[in-house]
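These are my notebook entries on a structure that was new to me. I looked up one thing at a time and wrote down what I found.

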Amino acid sequence: MQIRFEKRALACTFATSLLLTVGSFWGVFWVDVSNESTAAADFLRIADELGSPVQNIDDARHLLSNVNHNWLLILDNADNLDTDYARYFPSGTRGTILVTSRMPECSDYNTVGFEQLDSLNSADCVNLLLKAAKIPAEAWAKHESAAKNVVGI
């Protein structure tokens, strides 16, 4: 299992970077780990998507560990230095875990590398999203409004 840490400056930068690698994975699962309740809800949603209703995070992690496809688990908003985010890591060799945080100290979780993403302005975020989504340049005007919603403009 690979674990990669990224410090994010803007959510749009992270999201568009992620879009460039999504094709490598059978499943991409996003978990907001900013607090226990959102993490639990997101893990239960993953289990539901996998067709197995479970009751807790540990069962959902175990379920994900046993998926026989390559998957990406994004643990987003790992910004609390008092939280042990490793408890959210499924075991196994099929998964890649990406932890996002605004706290450089969270790089302790990485096994592959640390990358700090610099800020992009709003127009760059929209353009990068449209490129990553492989939308032809001539169709950008048609999709610009939706792209702005995605990047939060």
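**Entry 1: a term I need before I start.** I count two residues as being in contact when they have heavy atoms within 4.5 Å of each other, and I use packing in that sense when I come to helix H3. I also keep in mind that what I am reading is a predicted model.

**Entry 2: the chain as a whole.** I looked up the elements and found 5 helices and 5 strands in the protein chain, which follow one another in the pattern β-α-β-α-α-β-β-β-α-α. The protein chain has 153 residues, of which 38% count as buried. I then turned to contacts between residues at least 6 apart in sequence, and noted that 67% of them join residues at least 24 apart. For the accessible surface of the protein chain I wrote down about 8,400 Å², with 49% of it belonging to carbon and sulfur atoms.

**Entry 3: strand S2.** Which residues of S2 point to the buried face? Going along residues 27-32, I found that Gly27, Phe29 and Val31 point to one face and are buried, while Val28, Trp30 and Asp32 point to the other face and are not. This agrees with what I know of regular strands, where side chains alternate between the two faces of the sheet.

**Entry 4: strand S3 and its neighbours.** I next looked at S3, residues 71-76, which pairs with S2 in the parallel sense over 6 bridges. In S3, Leu72 is the bridge partner of Val28, and Leu73 is the bridge partner of Phe29. S3 is also joined to S4 by 5 bridges, and these two strands run parallel as well, with Trp71 standing opposite Gly95 in S4. Is S3 mostly covered or mostly open? I found it mostly covered, since 6 of its 6 residues are buried, which means each lies under 20% relative accessible area. Trp71, Leu73 and Leu75 point one way from S3, whereas Leu72, Ile74 and Asp76 point the other way, and all are buried.

**Entry 5: Asn77, just after S3.** Asn77 lies in the loop between S3 and S4, and I asked whether it is buried or exposed. Its relative accessible area is 17%, so I count Asn77 as buried, the cut-off being under 20%. The side chain of Asn77 makes a polar contact with the side chain of Asp32, at 3.2 Å. I also noted that Asn77 has a positive phi of about 70 degrees although it is not a glycine.

**Entry 6: Asn68, for contrast.** Asn68 has its place in the loop between H3 and S3. With a relative accessible area of 58%, Asn68 is exposed, because the cut-off for that is over 50%. I looked up its distance to Trp26 too: Asn68 and Trp26 are 42 residues apart in sequence and 9.5 Å apart in space, C-alpha to C-alpha.

**Entry 7: helix H3.** At the N-terminal end of H3 I found a cap made by Asn56, which has a side-chain oxygen 3.2 Å from the backbone nitrogen of Asp58. Ile57, Ala60, Arg61, Leu64 and Ser65 are buried in H3. They cover an arc of only 145 degrees around the axis, and therefore they sit on the same side of H3. The buried residues of H3 pack against S2, H2 and S3.

**Entry 8: the nonpolar cores.** The largest nonpolar core has 22 residues, and those with the most contacts inside it are Val31, Val33, Phe43, Leu73, Leu75 and Tyr88. At least two residues of this core come from each of S2, H2, H3, S3 and S4, and H2 gives the largest share, 4 residues. I followed up Tyr88 and found that, leaving out residues up to four places away in sequence, it touches Val33, Glu36, Ala39, Phe43, Ile57, Arg61, Leu73 and Leu75. There is also a second, separate core of 7 residues, which includes Cys125, Leu130, Trp140 and Ala147.

**Entry 9: helix H5.** The buried residues of H5, residues 140-151, are Trp140, Ala147 and Val151. Their arc around the axis is only 30 degrees, so they lie on the same side of H5. The face turned away from that buried side carries the exposed residues Lys142, Ser145 and Asn149. My last note is that Gly152 follows H5 and has a positive phi, near 80 degrees.

Note on methods
Residues numbered from 1 in each chain as written. Heavy atoms only, no water. Buried < 20%, exposed > 50% of the residue type's maximum accessible area, 1.4 Å probe, protein only. Pairing = 2+ DSSP bridges. Polar contact = N/O pair within 3.5 Å; in protein donor to acceptor, adjacent residues only side chain to side chain. Arc of directions from axis to C-beta. Core = buried A, V, L, I, M, F, W, Y, C linked by side-chain atoms within 4.5 Å. Areas by Shrake-Rupley, 256 points an atom, 1.4 Å probe, with all protein chains shown as cover.
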